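Hi,

Here is the structure I promised to pass on. My notes on how two of the helices meet, and on the chain contact as a whole, come right after it.

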Amino acid sequence: MIALSLAPTASWYLVLSAVLFGIGTFGVLVRRNPLVMFMCIELMLNAVNLSFVTLARQLNDINGQTIVFFVMVVAAAEVVVGLGIIVAIMRNRSSVTADDLAELKG
Amino acid sequence: MELFVFGCAALMVVVGAVGVIIRKHPVHAALSLVLTLFGVAVLFVIQEAHFLAAVQVIVYAGAIVVLFLFVIMLLGVDRVENLRTEPLTTQRPLAVIVSLGLIGVLVAAFATGSGVLQERGAGLNIPDLLNDSDANTKQLAQSIFSQYVVAFEVTSVLLVVAVVGTVLLARRTKNSVAENPK
């Protein structure tokens, strides 16, 4: 079971990252603005990074922090490509919500 | 002490994350995202991941959020989104159920797998402010540039491909200008 002592244990961080991931999921499911949906995906990525760092400390292993480094690089590339796609779409249409993006044809 | 810092950082993270999903204005959502990212950076610091905390602030709170704000301002999409009306009925209750269920599944997985937390890996150098204050950075660099150096090189290729692809995507070609005169 999850032990709740006074000093924050690894379980606290893991539960916090689970909550952060859930909030991000809710945002992706509910929001309509593609930019805000992107921000919610960033929230989910940060939740995963937090659990990686927590486990790296708890398991006494540097590999958890190494993979967080790579996740950050890929997240940066993903944001750049995603925002490029959004810019390319918004150039052709005035209002963009996720509902308007049902078709990919420009 | 760690409890106090954890409490403050967790409050920052959760308040910022809730702000991202309930703020109508995209700029406000981006600023709430900064709060969350700083909270995560604080959590990295108190878990002795000093290098990653610095990278978190520089890359996420610096570059990525600025990129978001640039796109919001550039495209003039900073219109207020109407969050009162639900475009699809029963979508929000279903989303609440899905995300709460996801949190429940994750916490249950952590609880059942908590035996793993007792294992010990190869060793993590804890930074010591007096003797070796950058031990974490050194160890991370050793890991990246020895064991994972191929992956590191591949990420550089990935970044180049992403930049070139984005320039191609966002470029205004002559044909598109002729089709969509503005």
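Helix α2 of chain A (residues 34-59) and helix α3 of chain B (residues 50-75) have axes that come within 12 Å and cross at roughly 175°. Helices here are DSSP runs of H or I with at least four residues, numbered from the N terminus; axes are lines fitted to C-alpha atoms over the stretch in contact, with angles from 0 to 180 degrees between N-to-C directions. α2(A) and α3(B) are therefore roughly antiparallel to each other, the word for angles over 145 degrees.

From α2(A), the residues A:L35, A:M39, A:E42 and A:V53 meet B:L52, B:I64, B:F68, B:V71 and B:I72 of α3(B). Contact means C-beta atoms, placed from the backbone, within 7 Å. Eight residues of this helix contact are nonpolar, one is charged and none is polar (nonpolar: Ala, Val, Leu, Ile, Met, Phe, Trp, Tyr, Cys and Pro; charged: Asp, Glu, Lys and Arg; polar: the others, Gly among them).

Overall, the contact takes 68 residues from chain A and 72 residues from chain B. On the chain B side, α4(B) gives the largest share, 13 residues. That side divides into 53 nonpolar, 13 polar and six charged residues.

Two notes on the data: this is a predicted model, where local features need pLDDT of at least 70, side-chain atom pairs count only at pLDDT 80 or more, and totals for chains, interfaces and linings use all residues. Residues are numbered from 1 along each chain as its sequence is written, with chains lettered from A and ligands numbered from 1 in the order in which they are written.

Best wishes

Notes:
Helices (H or I, at least four residues) and strands (E, at least two) are DSSP runs, numbered from the N terminus. Angles under 35 degrees count as roughly parallel, over 145 as roughly antiparallel, 65 to 115 as roughly perpendicular and the rest as oblique. Two residues are in contact if their C-beta atoms, placed from the backbone, lie within 7 Å.
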